[in-house]
Amino acid sequence: MGQYQGPCALKRVFNAERHERFRDEVEAIKILSHPNIVPLLDHSALDAVPGDDARQYLVMPCAKGGNLAKAVGRYRGRLDDVLTVAIQIAHGLQAAHAARIIHRDVKPENILFPGEGHAIWVADFGICLIQAREQRNTRDGEVVGPAVFMAPELEDGGQLAVTPDADIYSLGKVIYYMITGGVRMPRERLHEEAYAAPFAAGGRLLRIKILLSQMICARPYRIQTMPEVIRRLESIAAEAASEPPHAFNTAAIDRLKQAALADRSRVQDQADEEKRRQAWFNDVHMDILALVHGELAAHAARLTEPGLIKSGAQPFNPRGATVMGRVSKSQALDGHEITFQHEGAHERITALQFAFYRKAIVAPAGQPPKEPVGIWLTLQIREPDNRPVQRCHAFVNRTQQGRGRFAYAIANEPARFELNISEWPDKADDLRAFVQNALEAFPELIRGGLQQFVMFEFNNKPRRR
């Protein structure tokens, strides 16, 4: 413990599964000798057996002033003091980043006050990421860090591609927490009126708000390096707290900056909304294809007769294929098919294909966007080696013959099942019925053979007058 003579704090590790995190914390603090990082006075042997709890401990100086969570009340409305603390946190984290260590757990409880003033230590490196090490000590899917203060890219847990700007996001949340006297702002909501109210006075508070908007945000809008954060914080701290005595209209300048900030927030909101819609579309896309494949696989199992008939269900790629018929305003992305083949070396393959498509629709102004997706039908005949038979790939349509009964035939336009993604999974049973009806018609389409394509092409030739 060297020459230190003051009171100490003993941190014990009781959970054997956290032994490697204990080693990380010891290793990180030993590397990081910095006035804004809690010093390490002593620790147990690093080669202790994980189950030997009695040998796992850290000894650090006592933080007489407690932590920021308990002391936050004294920072509300005191911007200079907030900046004093924030700059120190940033310097401590910058020292860690320079050593290729990402804290990942920046929160008020881990900001300690060694005394009664505003000097701070950054503490608790138990879930830090030491980038120089290939092995990590968090399980796949395990979320690390505090939910409110954690960067959005860490939400799913187990991120290997963590970068220092994750700590920048958390520091922005801590600064907001101090300015507001303890408000834990959820996610990136600084642009909302309720959370923006503390900055309404403008001046240096507006400049802080602009900085926080570039810290508490998703990539790629976020400031990437801690030195840039430090530069901005120190620049704001150096400004006079009162308005300058010259004749510039500072209120007008503030309004310009507010407008620029609002524009940037709108752009980010649009980008975030697009990401959410794309994620929603992907989920619906995969769910629809899973339902289709399940029905096709079950039907293929019923069709298969060893030594007589081979049938299977598998994905297929409709893009780039030449299909007889016409279709517009739709884009087929992928799909699944069911195949039929008489067993034999020279027997052709017939495939009934269910292509998944997405339509591009521009909604009228003021109306919610539409996302039409669906399934259309095609029929293809292929050689035994899977080469397409020329002019034997066409759309399949259907005509209703009665309640729940349909006749299927090759046509210019495909039979479709279409829905808006907001209607899923409510229409899952309707899609299942559509697929099952088509599968019931598959034997008739198989029996039609090559002749049905010949007749379709003949009937579509222009007539001479």
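**Buried positions and the packing around helix α3**

I101 counts as buried, at 0% relative accessibility, where buried stands for under 20% relative accessible area, exposed for over 50% and partly exposed for what lies in between, with a 1.4 Å probe and protein chains only. I should say at once that this is a predicted model, in which local features need pLDDT of at least 70 and side-chain atom pairs count only at pLDDT 80 or more, whereas totals for chains, interfaces and linings use all residues. Residues are numbered from 1 along each chain as its sequence is written, and side-chain values use heavy atoms, with hydrogens and water left out.

Let me stay with I101 for a moment. I101 belongs to strand β4, residues 101-102; helices and strands here are DSSP runs numbered from the N terminus, H or I over at least four residues for a helix and E over at least two for a strand. What is I101 in contact with, once its neighbours within four places in sequence are left aside? The list runs through A28, I31, L32, A96, F125, C128, L129 and I130, with contact meaning heavy atoms within 4.5 Å. A28 and I101 stand 73 residues apart in sequence, yet their C-alpha atoms are 7.3 Å apart in space.

Now the chain as a whole, before we go back to single elements. The secondary structure comes to 10 helices and 14 strands, and of the 465 residues in the protein chain, 44% are buried. Taking the contacts with a separation of 6 or more, 67% of them are accounted for by residues 24 or more positions apart.

Turning to helix packing, I begin with α3, residues 79-98, and α4, residues 165-179, whose axes are 10 Å apart and which pack at an angle of about 165°. The axes are lines fitted to C-alpha atoms, for helices over the stretch in contact, and the angles run from 0 to 180 degrees between N-to-C directions. The pair α3 and α4 is therefore roughly antiparallel, on a scale where under 35 degrees is roughly parallel, over 145 roughly antiparallel, 65 to 115 roughly perpendicular and the rest oblique. On the α3 side, the contact with α4 is made by L79, V82, V85, A86, I89, A90, L93 and H97, and on the α4 side by D167, L171, V174, I175, M178 and I179.

H97, one of those α3 residues, deserves a closer look. H97 is buried, at 11% relative accessibility, and, not counting residues up to four places away in sequence, H97 touches I102, P164, D167 and M226. With M226 the sequence separation is 129 residues, while the C-alpha distance is 8.1 Å.

V85, also named in the contact of α3 with α4, brings us to H118, since the C-alpha atoms of V85 and H118 are separated by 6.2 Å although the two are 33 residues apart along the chain. H118 is found in the loop between β5 (111-112) and β6 (121-122). Is H118 buried or partly exposed? At 27% relative accessibility, H118 counts as partly exposed, and beyond residues up to four places away in sequence it touches R74, Y75, D81, T84, V85, Q88 and F113.

Helix α3 has a further partner in α6, residues 204-213: their axes come within 11 Å and cross at roughly 35°. In this pair, L79, D80 and L83 of α3 meet R204, L205 and I208 of α6.

Why do I call α6 largely enclosed by the rest of the structure? Eight of its 10 residues are buried, namely R204, L205, L206, I208, K209, L211, L212 and S213. Part of its surroundings is helix α7, residues 226-238, whose axis comes within 10 Å of that of α6, the two crossing at roughly 175°. That makes α6 roughly antiparallel to α7, with R204, R207, I208, I210 and L211 of α6 in contact with R232, L233, I236 and A237 of α7.

I close with H285, which lies in helix α8, residues 250-303. H285 is buried, with a relative accessible area of 8%, and, apart from neighbours within four places in sequence, H285 is in contact with L333, D334 and F356.
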